[in-house]
Amino acid sequence: MDEQVRESGADNVGLVGDDATLVPADYYDFDGPQYRLFRLGTYYDPARDVLIKNFDVDQRADDTGIRAFHVSVSDGLSVKNIDVIGRHDSGTWGPALFRVTDSDGSGHIDGLRITDGADWQTQTPGDLWRGPTGILINNHDGSIRLDHCVVRNYPDNGLYVTGSGSVSVVGGLFQNNGPVNVRIGASRATVERTEFVTDQRSPYYLAQIPMRFDYADRVVVRDVSIDLTAPNGDAVQILDDVESAALRNTDIDIADVPAAGVVVKSGSGPVSIVDVDVDMDCSANAFRLLGNGGGVVVQDCRIAGSASGENLRHAIRCERDNCEFRALTVDQWGGGKRRGIALLGEDYTVYKCRIRCSDRPVSAYGDDIWIEENYLDSYSGDESIRIGPDADSVRIKNNELPDGIQDAGGRNVLVTGTTY
């Protein structure tokens with residue numbers, strides 16, 4: 001194909017391949033705008049009930065790569081079993097754009113595999129800034145579900161979503177895309193049973209973050225695996241315009257290059273982090289809870305590994321108020337004064353946690369702190385709890401503290417039923 005097929009406002013359109021392969025012309029031989037093979041519908045004149053399935057897009061020739069499918073529907077989008085083969089090295093738009101324009105409309109993308117990546121703009125004949133996006137969903141008002149999609153090595157995000165609709169990512173693999181593998185701004189965002197891998201750092205951009213949520217009424221992440229063997233950015237970022245978020249049953253492995261596990265930015269709403277395991281060998285925070293915003297509950301989580309405190313001291317750094325830490329297990333045996341939890345705001349509960357680290361397990365520097373039924377041990381024999389000079393109203397009840405308490409001048413400190 002060396003020119004675009006365009007149809008706006010079409011209804012009941014099916015493009016179904018039977019062992020079919022689409023071969024786009026290269027950048028120099030494509031006739032007209034070097035952007036798309038198929039453009040079905042526009043934002044202002046969408047199509048309806050569009051089916052696309054069973055195609056290979058072969059762009060293995062030099063200087064080849066194009067947006068194969070650019071589809072805007074009011075309702076009824078179905079995309080199945082699409083493979084994009086070959087490096088996208090033309091410097092034009094990425095392989096796929098989808099949107100649903102009706103707030104009651106829906107779409108389903110199942111088995112879109114874009115695995116050979118794309119080149120940075122300086123290596124291509126086209127001048128697209130940075131390079132192409134793997135899957136783009138923008139100006140999106142309905143709901144879209146992506147099942148079993150695979151996107152690797154795209155320079156301008158693997159999946160990028162904007163709009164007032166909802167998006168679900170279920171299964172699949174996102175690997176080595178930058179600056180973010182899955183970046184979502186939507187009314188509701190769900191990511192589940194999906195694998196994220198960063199095992200090859202790109203020299204062209206500053207980050208390859210697995211997940212970033214720019215804005216949403218509700219974010220849900222569950223049953224997700226994140227493997228950062230060559231980390232180049234935090235594992236999960238929840239930004240200030242997220243109204244609420246829940247992370248469940250997720251595994252995060254971070255090698256020995258500083259990158260945080262979960263970062264909750266100042267201004268975000270309430271967040272719950274439950275049954276999240278972080279195995280980290282880098283000197284960074286497993287959980288970083290920043291600034292003002294809704295309360296955070298961290299429960300039944302495990303943090304382990306040889307992370308040191310040379311770069312960032314604490315496994316958990318909490319600056320925001322009204323946070324609870326329940327039934328946590330923290331084991332950080334690296335050197336460099338690696339510490340457990342830093343409580344820097346107001347109104348905290350630390351309950352039934354088991355924390356062991358090379359330096360002190362708990363730094364209580366804020367106000368209205370309740371610490372009950374915990375085992376807090378330092379590998380180096382430093383204090384189990386340090387109470388800062390500006391702390392006020394610290395209650396320590398029924399704990400086992402092998403290394404005792406260092407009180408640097410806190411006010412209204414009460415210790416009961418605690419063994420040393």
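These are my notebook entries on a handful of residues I looked up in this predicted model.

**Entry: Arg39**

I started with Arg39, which sits in strand S3, residues 36-40. I wanted to know which side chain of opposite charge is nearest to Arg39. That turned out to be Asp45, 10 Å away. Arg39 is buried and yet has no salt bridge. A salt bridge here needs a side-chain nitrogen of Lys or Arg within 4 Å of a carboxyl oxygen of Asp or Glu. I then listed what Arg39 touches, leaving aside neighbours within four places in sequence: Gln4, Val5, Arg6, Glu7 and His70.

**Entry: the loop between S11 and S12**

Next I went to the loop between strand S11 (150-152) and strand S12 (159-163), where I found Asn153. Its phi is near 60°, a positive value in a residue other than glycine. Asn157 lies in the loop between S11 and S12 as well. Asn157 also has a positive phi, about 80°, although it is not a glycine. I noted both because most residues other than glycine have a negative phi. Is Asn157 buried or exposed? Asn157 is buried, since its relative accessible area is 1% and buried means under 20%.

**Entry: Pro179**

I checked the peptide bond from Gly178 to Pro179 and found it cis, with omega near -5°. I wrote this one down because most peptide bonds are trans. Pro179 itself is in the loop between strand S14 (173-175) and strand S15 (180-185).

**Entry: a negative patch**

Which residues form the negative surface patch? I have Asp251, Asp253, Asp256, Asp279 and Asp281 on my list. I picked out Asp253 for a second look and placed it in strand S22, residues 245-254. Asp253 counts as partly exposed because its relative accessibility is 37%, and that class runs between 20% and 50%.

**Entry: Gly404**

Last came Gly404, in the loop between strand S38 (392-397) and strand S39 (405-407). Gly404 counts as buried because its relative accessibility is 12%, with the cut-off for buried at under 20%. What does Gly404 touch, not counting residues up to four places away in sequence? I found Glu383, Ser384, Ile385 and Tyr420. I also took one long-range distance: Gly404 and Val224 are 180 residues apart in sequence, and their C-alpha atoms are 38 Å apart in space.

Key. Residues are numbered from 1 along each chain as its sequence is written. This is a predicted model: local features need pLDDT of at least 70, side-chain atom pairs count only at pLDDT 80 or more; totals for chains, interfaces and linings use all residues. Side-chain values use heavy atoms; hydrogens and water are left out. Helices (H or I, at least four residues) and strands (E, at least two) are DSSP runs, numbered from the N terminus. Buried means under 20% relative accessible area, exposed over 50%, partly exposed in between (1.4 Å probe, protein chains only). Contact means heavy atoms within 4.5 Å. Patches are made of residues with over 30% relative accessible area and no salt bridge: like charges are joined within 9 Å, nonpolar side chains (Val, Leu, Ile, Met, Phe, Trp, Tyr) within 5 Å. Accessible areas come from the Shrake-Rupley method with a 1.4 Å probe; for residues, only the protein chains shown count as cover. Lys and Arg count as positive and Asp and Glu as negative; His and the chain ends are not counted. The place of a charge is taken as NZ of Lys, CZ of Arg, CG of Asp or CD of Glu.
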